[in-house]
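Before reading on, please take a moment to look over the sequence and the model side by side. The paragraphs that follow are meant to be read with both in view.

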Amino acid sequence: MVTHKVSMYLIATLMSLPILSFAASESDKDTFLTPYTAIYSTVWKKGISLKVEGKQTLSQKDDGLWQFRFTAEAMIASLEETSSFKVQNHQILPSVYQYKSSVLGKKKLATITFDWDKMRVRNDIKNKPWHLAIPPKTLDKLSIQLQVRQDLKLGKNEFNYQIADGGRLKNWRFERAGRDKIETSIGRLSAIKLIRTDKLESGKRTTFWFSPKHDYLLVKLEHKEDGESYRLDIDSVK
């Protein structure tokens, strides 16, 4: 039970990036990421190996709002994360982030609502909401992946983000580490390698590979800490 609970938490964590009444500009439409569905296999190792299939979907609704969704399911556990947002000047502006999980019938639900008029977020969990003041460009922990991809697509070299999570702001930082040729289920790819640097001092190392050929899609991820490892690999995309 503990193994499944920790693995689903890692998947949630590692998948491990002001809302106004406007429609996305033509420039944003032309340069933002293309809607897609991708399937990943995830392997978590700590004494034993556990393999879980994960699915990512990016779509745009008729009202211009975008939705990014991640789901994963094992025999006794399931996870669903969803981020709804708009895009302004290539920047993701979250409106609602929702987390749902179930482990052996024990369910967890959390919702973060972004109020850009008041520059704060509200987190509803276990009927004990908390409020947090936020700076501009604050993201949720799911949409950050899309913002990293968008910034790569724009040719940026600085990757420094504020994330609203767990009742406080967290600073997630990444740095480029060149390019690698990697073998995947969708072919051999030239991928940009990024390393998350804000956790290195604690012994945690997370490495990401993004494929420019596939609109900077995340195609591989590796996480290591204290003898524990987690890996994600792309299986298919459409």
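What follows moves from the chain as a whole to its helix, its charged pairs and its surface.

The model shown here is predicted. Its protein chain has 3 helices and 14 strands, and of its 238 residues 49% count as buried. The accessible surface of the chain comes to about 11900 Å², and carbon and sulfur atoms account for 48% of that area.

A good place to start is helix α3, which covers residues 144-153. How many of the 10 residues of this helix are buried? The count is 9 of the 10, so helix α3 is largely enclosed by the rest of the structure. The buried residues run through Ile144, Gln145, Leu146, Gln147, Val148, Arg149, Gln150, Asp151 and Leu152, a list in which charged and polar names such as Arg149, Asp151 and Gln147 stand beside Ile144 and Leu146. After the helix comes Gly155, whose phi is positive, near 80°.

One of the buried helix residues, Gln147, leads on to a strand. The side chain of Gln147 is joined to that of Gln91 by a polar contact of 3.4 Å. Gln91 belongs to strand β5, which spans residues 91-103, and with a relative accessible area of 13% Gln91 is itself buried, because buried means under 20%.

Lys153, which also lies in helix α3, takes part in a contact with another region. Lys153 and Asp215 form a salt bridge in which the closest N and O atoms are 2.9 Å apart. Because Lys153 lies in helix α3 while Asp215 lies in the loop between β12 (205-211) and β13 (217-225), this pair ties together parts that are 62 residues apart in sequence. The two partners fall into separate accessibility classes: Lys153 counts as partly exposed at 30% relative accessibility, whereas Asp215 counts as buried at 17%.

That salt bridge belongs to a wider set, since a search of the whole structure finds 11 salt bridges. Among them is the one between Glu183 and Arg188, whose side chains meet at 2.8 Å, N to O, and in this case both residues are exposed. Asp233 and Arg231 form another, with their closest N and O atoms 2.6 Å apart; here Asp233 counts as buried at 19% relative accessibility, while Arg231, with a relative accessible area of 32%, is partly exposed. Charged side chains can also be linked in a group, as with Lys141, Asp165 and Lys170, which are connected in a network of salt bridges.

The surface has further features to find. Which residues form a positive surface patch? The patch consists of Lys106, Lys108, Lys126 and Lys128. Of these, Lys108 lies in strand β6, which covers residues 106-115, and at 40% relative accessibility Lys108 counts as partly exposed. A nonpolar surface patch of about 350 Å² is made by Met75, Ile76 and Leu104. Within that patch, Met75 sits in the loop between β3 (66-73) and β4 (77-88), and at 84% relative accessibility Met75 counts as exposed.

Strand β4, which borders the loop of Met75, also holds Val87. Is Val87 buried or exposed? Val87 is buried, with a relative accessible area of 3%. The C-alpha atoms of Val87 and Gly64 are separated by 9.1 Å, although the two residues stand 23 residues apart along the chain.

Towards the end of the sequence, a similar relation can be traced from strand β14, which spans residues 228-237 and includes Val237. Val237 and Leu217 are 20 residues apart in sequence, and their C-alpha atoms are 9.3 Å apart in space. Val237 counts as partly exposed, at 30% relative accessibility.

To return to the beginning, the reader may now place helix α3 once more, largely enclosed by the rest of the structure, with Gln147 in polar contact with Gln91 and Lys153 in a salt bridge with Asp215.

Methods:
Residues are numbered from 1 along each chain as its sequence is written. This is a predicted model: local features need pLDDT of at least 70, side-chain atom pairs count only at pLDDT 80 or more; totals for chains, interfaces and linings use all residues. Side-chain values use heavy atoms; hydrogens and water are left out. Patches are made of residues with over 30% relative accessible area and no salt bridge: like charges are joined within 9 Å, nonpolar side chains (Val, Leu, Ile, Met, Phe, Trp, Tyr) within 5 Å. Accessible areas come from the Shrake-Rupley method with a 1.4 Å probe; for residues, only the protein chains shown count as cover. A salt bridge is a side-chain nitrogen of Lys or Arg within 4 Å of a carboxyl oxygen of Asp or Glu. Lys and Arg count as positive and Asp and Glu as negative; His and the chain ends are not counted. The place of a charge is taken as NZ of Lys, CZ of Arg, CG of Asp or CD of Glu. Helices (H or I, at least four residues) and strands (E, at least two) are DSSP runs, numbered from the N terminus. Buried means under 20% relative accessible area, exposed over 50%, partly exposed in between (1.4 Å probe, protein chains only). A polar contact is a pair of N or O atoms within 3.5 Å; within protein, one must be able to donate a hydrogen and the other to accept it, and residues adjacent in sequence count only if both atoms are side-chain atoms.
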